[in-house]
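Visitor: I would like a close look at a single part of this model, taken slowly.

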Amino acid sequence: MCGIIGILGNDDVFKDLYQGLLSIQHRGQDSAGVITYDGHFHTKKGNGLVRDIFTADNFKRLKGNIGIGHTRYPTIGGRSGSVAQPFFVNSPFGIIMAHNGNVINYTELNKLLINQHHRHLTSDNDVEIILNIFAQELSIQNIDKIEPDNIFRAVEKVFEQVKGSYSVVAYIAGGGMVAFRDPYGIKPLVYGTKKDGILPSYAIASESVSLNITNFSNIKNVGAGQVIFIDEKRQLHTSQLTHCPHSPCLFEWVYFARPDSYIDNVNVYDCRVNLGRFLAEEIKKLNLDIDVVVPVPDSARDAAIEIARQLNLKYREALVKNRYIGRTFIMPTDHERKSSVRHKLNPIPSELKGKNVLLVDDSIVRGNTSRAIIKMVRECGAKKVYFASYSPPLRYPCVYGIDMQTKAEFIARNATIDKITKKLGADKVIYQSLESLKKAVQTGNKEITHFCGACFDGQYPTGDVTAEVLKTIERDRETDQKNQLELEI
Ligand code: SF4
């Protein structure tokens with residue numbers, strides 16, 4: 001999971017890129033970067049949070065009315081500054097690109113680029129694969145001036161060759177801005193306009209919130225398999241290049257996206273309230289004796305309030321989060337995750353002592369965080385601790401850009417609810433059903449008929465996830481984790 005933003009504006013765009021990146025900081029806290037263009041490219045990349053990477057000096061130096069920004073969560077590859085996006089190729093024209101997603105056939109395409117096109121990558125970041133295939137296709141067209149058809153043909157080539165999920169924004173020097181979403185539209189991508197000059201400004205971003213806060217309106221989705229191209233005269237050209245079933249990532253609504261964002265026209269907050277409503281129906285059937293509903297902050301709050309409302313129960317924020325600590329789920333190693341839980345959450349014992357507590361969280365991945373929270377609540381004197389997850393059991397690795405660890409580490413992998421309950425030390429564990437999760441999204445947009453829910457049911461929408469692909473991705477993740485632990489020790 002990463003966040004991307006691209007702006008083609010009338011004035012210097014760095015300020016808006018910076019604000020836009022801050023608004024999608026939750027999508028990745030590992031590294032960030034910006035490249036702007038004013039006839040020359042100006043670059044700043046670094047490891048860490050957006051606010052720490054960019055200084056006052058960058059506001060002066062990153063000149064230009066065009067730019068692309070990226071905030072990165074590592075998928076495959078290391079965590080050095082060399083893999084921070086956006087990336088750049090000099091030829092043809094000079095192209096910058098950033099993406100959100102994961103290229104499944106990275107190794108095969110890397111070999112192809114080297115052996116057939118003599119193109120060598122500068123890092124192991126998979127956006128370089130997309131960038132070089134796109135650039136290579138434009139290059140063989142041998143053109144002096146970019147026309148929409150040149151772009152559409154180059155993106156068609158990317159769609160033909162690159163397997164996996166990718167939402168992409170790119171800028172071609174003197175040509176225009178390009179954005180596209182993979183044929184299944186797994187990762188979100190929106191664009192909008194602003195009338196702040198004779199020509200309209202355009203912005204493209206992972207989440208609508210980035211466009212809201214930078215005053216872009218008329219927000220639309222880039223569709224699955226669709227490409228948009230905004231030329232130098234600010235004319236918008238679009239083309240629908242493929243017709244695969246649009247299958248957006250269900251986890252965007254569960255956890256990744258901000259509640260004030262709209263993903264494929266479904267408001268994330270509304271969806272989480274619906275998830276609370278549907279889960280409350282399941283909890284009601286169990287006839288549990290519950291005194292208080294407590295969310296695991298922050299993402300579970302919206303669903304937990306709705307559960308309490310539906311069940312007519314007391315709602316208490318009895319776990320207080322230190323908001324200056326990053327999201328544990330997206331911390332790259334288990335070592336970092338485990339040590340941060342105790343620092344991140346502190347209970348209010350008076351709200352828990354002697355009570356039957358229903359804890360609500362967005363998901364249970366490995367179970368380490370949930371187990372630590374349940375233990376903490378018991379130590380405060382809770383009589384019973386029930387644990388409700390408003391997403392279904394996670395059982396399969398994500399190959400589309402979310403580091404959910406290896407399948408052996410999922411607590412729900414080959415485990416019954418009773419076994420999970422025992423492992424977590426809870427009195428009862430309740431999960432949302434996959435059908436209810438889909439229903440919660442479809443309540444906001446009935447036109448979405450397909451989803452990626454592969455981490456729940458193992459059905460990978462791109463259909464090319466072989467046992468070999470899974471093995472390679474798991475091996476890469478294990479190596480990354482091992483390297484990271486060695487660095488920490
Ligand atoms: S496997 Fe899960 S996290 Fe990955 S894209 Fe699909 S729904 Fe999203």
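Visitor: In what order do the strands of the open sheet of five strands stand, and is the pairing parallel or antiparallel?

Guide: The model is predicted, so local features are taken only at pLDDT of at least 70 and side-chain atom pairs only at pLDDT 80 or more, while totals for chains, interfaces and linings use all residues. Residues are numbered from 1 along each chain as its sequence is written, and side-chain values use heavy atoms, without hydrogens or water.

The order is β17-β16-β20-β21-β22, and the pairing is parallel. At the edges stand β17 (314–315) and β22; each has a single partner strand, so one side of each lacks a neighbour in the sheet. Strands here are DSSP runs of E with at least two residues, and helices are runs of H or I with at least four, numbered from the N terminus. Two strands pair if DSSP finds at least two bridges between them.

Start with strand β20, residues 356–361. Six of the six residues of β20 are buried, so the strand is largely enclosed by the rest of the structure. Buried means under 20% relative accessible area, exposed over 50%, and partly exposed in between, with a 1.4 Å probe and protein chains only. In a regular strand the side chains alternate between the two faces of the sheet. In β20 one side carries Asn-356, Leu-358 and Val-360, the other carries Val-357, Leu-359 and Asp-361, and both faces are covered.

Now the neighbours of β20. Four bridges join β16 to β20 in the parallel sense, and Pro-295 has Val-360 of β20 as its bridge partner. Towards β21, six bridges join β20 to that strand, again parallel. Three of the pairs can be followed along β20: Asn-356 has Lys-384 of β21 as its partner, Val-360 has Ala-388, and Asp-361 stands opposite Ser-389. Val-360 thus has a bridge partner in Pro-295 and another in Ala-388.

The link between β20 and β21 goes through helix α12 (residues 368–379), and the three elements make a right-handed β-α-β unit. Right-handed here means that, with the strands pointing away from the viewer, the path from the first strand over the helix to the second runs clockwise.

Strand β21 covers residues 384–389, and five of its six residues are buried. Beyond β21 comes β22 (residues 428–431), joined to β21 by four bridges in the parallel sense. Ser-389, the partner of Asp-361, also stands opposite Tyr-431 in β22.

Back at β16, residues 292–295, the loop from this strand to α10 (301–311) holds Asp-298. The peptide bond from Pro-297 to Asp-298 is cis, with omega near 0 degrees. Another cis peptide bond joins Ser-91 and Pro-92, with omega about -5 degrees; Pro-92 lies in the loop between β5 (87–89) and β6 (95–103). Most residues other than glycine have a negative phi, and most peptide bonds are trans.

Two asparagines depart from the sign of phi. Asn-142 is not a glycine, yet its phi is positive, about 50 degrees. This residue, Asn-142, belongs to the loop between α5 (127–140) and α6 (148–161), and its relative accessibility of 69% makes it exposed. Asn-215 likewise has a positive phi, about 65 degrees. The loop that holds Asn-215 runs between α7 (208–213) and β11 (217–221), and at 60% relative accessibility Asn-215 counts as exposed.

Another exposed loop residue is Thr-122, with a relative accessible area of 63%, in the loop between α4 (106–117) and α5. The C-alpha atom of Thr-122 is separated by 40 Å from that of Val-441, which is 319 residues apart along the chain.

Last comes the ligand, with twelve residues around it; nearest are Cys-249, Cys-398, Ile-402, Cys-452 and Cys-455. A residue counts as near when one of its heavy atoms lies within 4 Å.
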